[in-house]
Amino acid sequence: MSHPAGPIWESISGISRFAALATMAELGCADHLAEGPLNAEELAVRCGAHAPSLRRVLRELAGMGIVRSVGQDRYELTADGSSLRSDVPDSTLPAVRMIAEESFWYALGNLPTTVRQGRSAFVERYGPLYQRLGQHPEVGQIFDTYMTSRAMPFAEQVAERYDFSRVDTLVDVAGGKGHILAAVLHANPRMRGVLVDLDHVVPGATAALTAQGLMERCEVLAGDFFAQVPAGFDAYLLASILHNWDDQDAERILRRVREAIREDGRLLILEMVLPDEDEPHVGKDMDMRMLALFDGGTERTGQEYSVLLEKTGFRLTEVFDLSAGASLVEAVPV
């Protein structure tokens, strides 16, 4: 018989388990165990850690199925633990390191303060997230690696699931290094792409698209989506953009796109679309991080996106479910 407060105790235990996972990630344990089992003393030497303390963390990780005991005080990686290696495809290491970063921990730990005052405790202490990332390159690098690892699976799915055969040019608004744009262009050789982002993003985007051999089919432009976006094209992509902003600012962004898009064009929005029901959803977990990290950032339901689009001159036409709780929302001008 399950305990009536089981979900609460499971969540409390989850904090301890994540702390052990964060320790493993920060010390690089998975990379050190990649070549085979080590005992706690050997691993501690390689990680620069205190062996008795590390042994206790390994014991917790073994209970989680991240490592496994193979003899007296020796541990090896499991298949799940191997995903924390830095050299494997779809590594989970960037995600763990990002959530474990000091200011992110502060943000989530002070969520009660945020909810009580209606303003992000993180923003009050550290300033806006992207400002902090710019001022602290070491944190910015962790975040950039995390966003890249997060974007890659979605990029492939967008390219595979959506029919781009009628799209001549895709404008990736605030597209970062262009991972999604690159995947779509590789899958659709006749298409062209335009990536627009802030000034400091342009060099990295240009380098990334050049490395992919796509600059002959791409333009990379500096711009601010609150002011304007490149006009006259037939498809515009907003990937993980609108959830950073409250409804008022999201409407401002959408109106700039509406002014720019052709009347027969299509808008694509890649976000977590929350279910209306009480079922668990990874987007609801993400929404707690948005609440903690941003003044106004929020995940939305399909109905909320429909209302937002109607207010800004669009009509929601279809929602494509992707993996990991993400969705691709298609809308057209009205």
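Me: Which residues does S327 touch, not counting residues up to four places away in sequence?
Reply: This is a predicted model, in which local features need pLDDT of at least 70, side-chain atom pairs count only at pLDDT 80 or more, and totals for chains, interfaces and linings use all residues. Residues are numbered from 1 along each chain as its sequence is written, and side-chain values use heavy atoms, with hydrogens and water left out. Contact means heavy atoms within 4.5 Å. On that basis, S327 touches I269, L270, E271, V273, V319, F320, D321 and L322.

Me: Is S327 buried or exposed?
Reply: Buried means under 20% relative accessible area, exposed over 50%, and partly exposed in between (1.4 Å probe, protein chains only). The relative accessibility of S327 is 4%, so S327 counts as buried.

Me: How many disulfides does the structure hold?
Reply: A disulfide is a pair of cysteine sulfur atoms within 2.5 Å. The sulfur of C29 has its closest cysteine sulfur in C47, at 3.8 Å, which is too far for a bond. The number of disulfides in the structure is zero.

Me: Which element gives the most residues to the largest nonpolar core?
Reply: A nonpolar core is a set of buried Ala, Val, Leu, Ile, Met, Phe, Trp, Tyr and Cys residues joined through side-chain atoms within 4.5 Å. The largest one has 31 residues. Elements are DSSP runs numbered from the N terminus: helices (H or I, at least four residues) and strands (E, at least two). With six residues, the element that gives the most to this core is α12.
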